[in-house]
Amino acid sequence: MNGHETNFDGRDISTRNAINNASAQFFEIANSKGFLNVEETCPRWLLFFATHVALMHSELSEALEAAREDFEQKSEKIPEFTLIEEEFADVIIRVLMIAKRYNLDVGGAVVAKSHYNEGRPERHGGKAF
Ligand SMILES: [Mg+2]
């Protein structure tokens with residue numbers, strides 16, 4: 001990660017040094033606050049959970065990329081569906097798989113939250129969307 005041989009001019013070297021100095025500063029701050037030793041402070045099961053939540057995000061990012069390329073793009077794996085449909089399916093599969101792994105009642109929560117949402121006023125919260 002260090003010592004790349006590249007033809008940097010003086011401006012590039014200044015940019016590189018500024019960014020790398022900021023990197024060192026941000027590392028020191030985060031490290032001094034205890035955020036960088038999660039292997040020691042965070043239980044393994046929670047790191048596993050966090051990894052799977054990140055993978056849920058990645059499936060949504062894949063759906064977004066598919067939409068950016070071609071909203072109607074067909075899935076190569078399940079050609080009777082679009083790639084966006086496939087990626088949404090991946091999200092749901094990952095969520096429900098992890099829900100079972102951690103014994104979470106997502107089915108009950110979906111029903112309860114749907115009922116709650118039904119009772120909310122129109123455009124509750126007053127946000128633009
Ligand atoms: Mg996927």
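**Exposed residues and domain layout of the chain**

With 9 C-beta neighbours inside 10 Å, Arg123 counts as exposed, because a residue is placed in that class when 12 or fewer other C-beta atoms lie within 10 Å of its own. In this predicted model, Arg123 is located in the segment that comes after helix 5, and its phi is positive, at about 50 degrees, although the residue is not a glycine.

A positive phi in a residue other than glycine is also found at Asn103, where the angle is near 55 degrees. Asn103 belongs to the loop between helix 4, which covers residues 83–101, and helix 5. Asn103 is likewise assigned as exposed, with 6 other C-beta atoms within 10 Å.

Helix 5, which is made up of residues 106–118, thus follows the loop that holds Asn103 and precedes the segment that holds Arg123. At 1.5 Å a residue, the 13 residues of helix 5 should span 18 Å, and the end C-alpha atoms of the helix are 18 Å apart, so that the expected span and the modelled one agree. Of these 13 residues, the number buried is zero, and helix 5 therefore lies largely in the open, given that a residue counts as buried if 20 or more other C-beta atoms lie within 10 Å of its own.

With regard to the chain as a whole, the domain assignment gives domain 1, covering residues 1–36, and domain 2, covering residues 42–118. The C-alpha centres of domain 1 and domain 2 are separated by 35 Å.

Technical notes:
Residues numbered from 1 in each chain as written. Predicted model: local features only at pLDDT ≥ 70, side-chain atom pairs only at ≥ 80, totals over all residues. Domains from an automatic or database assignment. Helix = DSSP H or I, 4+ residues; strand = E, 2+ residues; numbered from the N terminus. Expected span 1.5 Å × (residues − 1).
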